[in-house]
Structure formats: structure tokens, C-alpha cells
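This briefing is meant for a reader who is meeting the structure below for the first time. Please look it over before turning to the notes, which are grouped by topic.

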Amino acid sequence: MTNLIFAHDDCRYHGDKRPREAADDTPPPAGYTHPEQPPRLRAVLDGLNASPALAAIERKDAAEADPARLKTLHGSAYVDAMLRPVAEGEIDWFDADTARTAGSPRAALLAAGGAIEAAERVMNGAANRVFVAARPPGHHAETNKAMGFCFFGNVALAAERALELGASRVAVLDFDVHHGNGTQALLWDNPDCLVVTSQQMPLWPGTGTVEERGAHDNVINIPIDPGTGSAAFIEAWQPALDRVDQLQPDLIVISAGFDAHADDPLAQLMVDEEGFADLTARIVTLAQAHSSSRVVSVLEGGYDLPALSRSVTAHATALFEGV
Ligand SMILES: [Zn+2]
């Protein structure tokens, strides 16, 4: 049994309209600033190399997802539109937050492909815990709608693939500071998936009230007040973790966003690295009890680069502990 990290260098070419050879790990020039920026990938990879134990974990390049698989949850015409080439130097905006550049179609396929292959690896017994360090993120993408920096529902696709490969029940746990509206929409009527998502409220996109419970009482929303710190954040999660304990899922999939961090510029929660480590450790304990230790964790948000790096180190250290 082994731990694994999926990543791909080409994920850094999404969201930078400079020619590919100029789009390195440096921030885009002034005048083009987007929080979901290419250097996030380097910050995450640095965080995954911050200790000898993490640096020793096996890495694999993510492979592109099969577009046909994306169409099992997303509309066919929508997937085709997202994968249409973008000319180098062009920027294709969908809304005020979400845009494609020349590198975007491949990066989006790699991010989805990494999450799906992670589910395959844990379900076929080749791995126990997998972290997918890829961008763009996915938890805001709905059936036919790109939004919030997201194109394809990476974690929903991973959960669905696990069910296909024999899992009876999958828990999807999203601790990104924003509502996982896309994951919720894609899995809303799937009785075999429990979706739990915590979000600062009020905050964009505005959804995620406790009344949103899924078609089969299979969605748990945890609205969190601005200013909440690690201890209260974890306390808010505990009833949902108890529900996961009762569910006894065959796999736990994490939407690992780190924008609930106190230093994050997009929200006002006050979670720190220890908070992410503590919540992750509780999730891992549930996986050890019920899920043959299987956890797939997929990167979502986190926009203060030093805090993102440190948070990834804390999360991954707890994730890969005690297989
Ligand atoms: Zn977020």
C-alpha cells in the first residue's frame, strides 16, 4: 500500500495569456492579476517538499481525462466548448472570475484526470492516500456552467468513478472557504454520495444554507460565520464527521481548499495550518475505521501563496500519516 501525489507541470499554463515559454513560475505582469494564478502550483509543490517525509512520497504525472468521462456528469456541448482551443495570447472570459487561456483545456483535463485516476488507484488497491496537486480547481463547476475559476467537477468525477469501480458509498468532504455548489449540484440526486461542504456565509457564491440537503438527504451544508478560528471551525464540522462515521463510506474524497486560512485575501475565516491538520487527521481516522484507509484529496482554493504552501504541508502530512 502506498501514498501517491499526482501533479503536472502543464497545470501552470492555465490562466496566463503570455506565450507558453514565458509563463514560468513568476507571477503574471501587472495588469493581469487573478487570484487563481499559475504560481499557486509552485507554492503547492513547495509545500509538498517541505519535509523529508513528504519529499519521499511517490509522484506521478497526471494524465488527461477522457472527455467522454467528463460527459457522464457534464453536458456534452459544455465539455466540447470548454475544450475548444484558445489562441495563444487570447483570453476567453466566461464571467468576471473565470477565463480560459491557451493552456486551459489541457490543464483542466489534467486536473480532472488526476482526480479520476486517484480514485482508480485507491479502488484497485494500488494506493491508499492520494493528493492531487493540480489546477484549475473544480468544486464550483456545475453541469453546464464554468464558474469560480472552475471548469470540471474534479471531485464529483472521482467519486462517481469510485462508485463505478465497486464502492457502495462515497463521502465527499469540502473544507474550501467557498460553497462547493458545483459538487453539490453534480451529486445532488446521487444517494450513494454524501456531500459535506463548509463555507463562510455570507460569501460568494451565496448558496450553501443548511436547508440545501440533497434529493436523498445526502448533502450537508455547514455555513460558518466570518472571523471563525480553527477550534470553532472543527467544532462546526464534528456533527458531519459523526454522520460520515455512521455512513461507513468505502472512500473519502476531500475538496482541499485552503482559503479558510486567516491570511487568505478572498475570505475572512481565521483557520490556521494546525486547524487544517487537525481536520485532516479526523478524516483520516474515519478512513482507517471504515474505508480501508482510502482517501483522495484534491486541491481547490487557497490564494495567499505562503499560507497555501504551509497549509498544504500541514494537510499532506496529516493525510499521509499512519497508512
Ligand atoms: Zn475557495
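**A strand and a metal site**

Strand S5 (residues 129–133) pairs with S10 in the parallel sense, and four bridges hold this pairing. The model is predicted, and the points below take up strand S10 and then the zinc ion.

**Strand S10 and its partners**

- In the pairing of S5 with S10, Arg129 has Val295 of S10 as its bridge partner.
- Strand S9 (residues 251–256) also runs parallel to S10, to which five bridges join it, and within S10 it is Ser297 that stands opposite Ile254.
- Between S9 and S10 the chain passes through helix H9 (residues 273–290), and this β-α-β crossover is right-handed.
- Strand S10 (residues 295–299) is mostly covered, with five of its five residues buried; Val295, Ser297 and Leu299 lie on one side, Val296 and Val298 lie on the other, and both faces are covered.

**The zinc ion**

- The protein donors of the zinc ion are two OD atoms of Asp176, ND1 of His178 and an OD atom of Asp259, lying 2.0 to 2.8 Å from the ion.
- Along the chain these donors follow the spacing D-x1-H-x80-D, and distant parts of the chain are linked, since Asp176 belongs to the loop between strand S6 (170–174) and helix H7 (181–187) while Asp259, 83 residues apart from it, belongs to the loop between S9 and H9.
- The arrangement is irregular because the four donor atoms subtend angles of 52 to 154° around the zinc ion.
- Asp176 counts as buried because its relative accessibility is 1%, and Asp259 counts as buried because its relative accessibility is 0%, where the cut-off for buried is under 20%.

Key:
Residues are numbered from 1 along each chain as its sequence is written. This is a predicted model: local features need pLDDT of at least 70, side-chain atom pairs count only at pLDDT 80 or more; totals for chains, interfaces and linings use all residues. Side-chain values use heavy atoms; hydrogens and water are left out. Buried means under 20% relative accessible area, exposed over 50%, partly exposed in between (1.4 Å probe, protein chains only). Helices (H or I, at least four residues) and strands (E, at least two) are DSSP runs, numbered from the N terminus. Two strands pair if DSSP finds at least two bridges between them. A crossover is right-handed if, with the strands pointing away from the viewer, the path from the first strand over the helix to the second runs clockwise. Donors are N, O and S atoms within 2.8 Å of the metal (3.2 Å for Na, K and Ca); water is not among the atoms, so sites may look incomplete. Four donors count as tetrahedral if all angles lie between 85 and 135 degrees; four count as square planar and six as octahedral if opposite donors are over 155 degrees apart and all others between 65 and 115; anything else is irregular.
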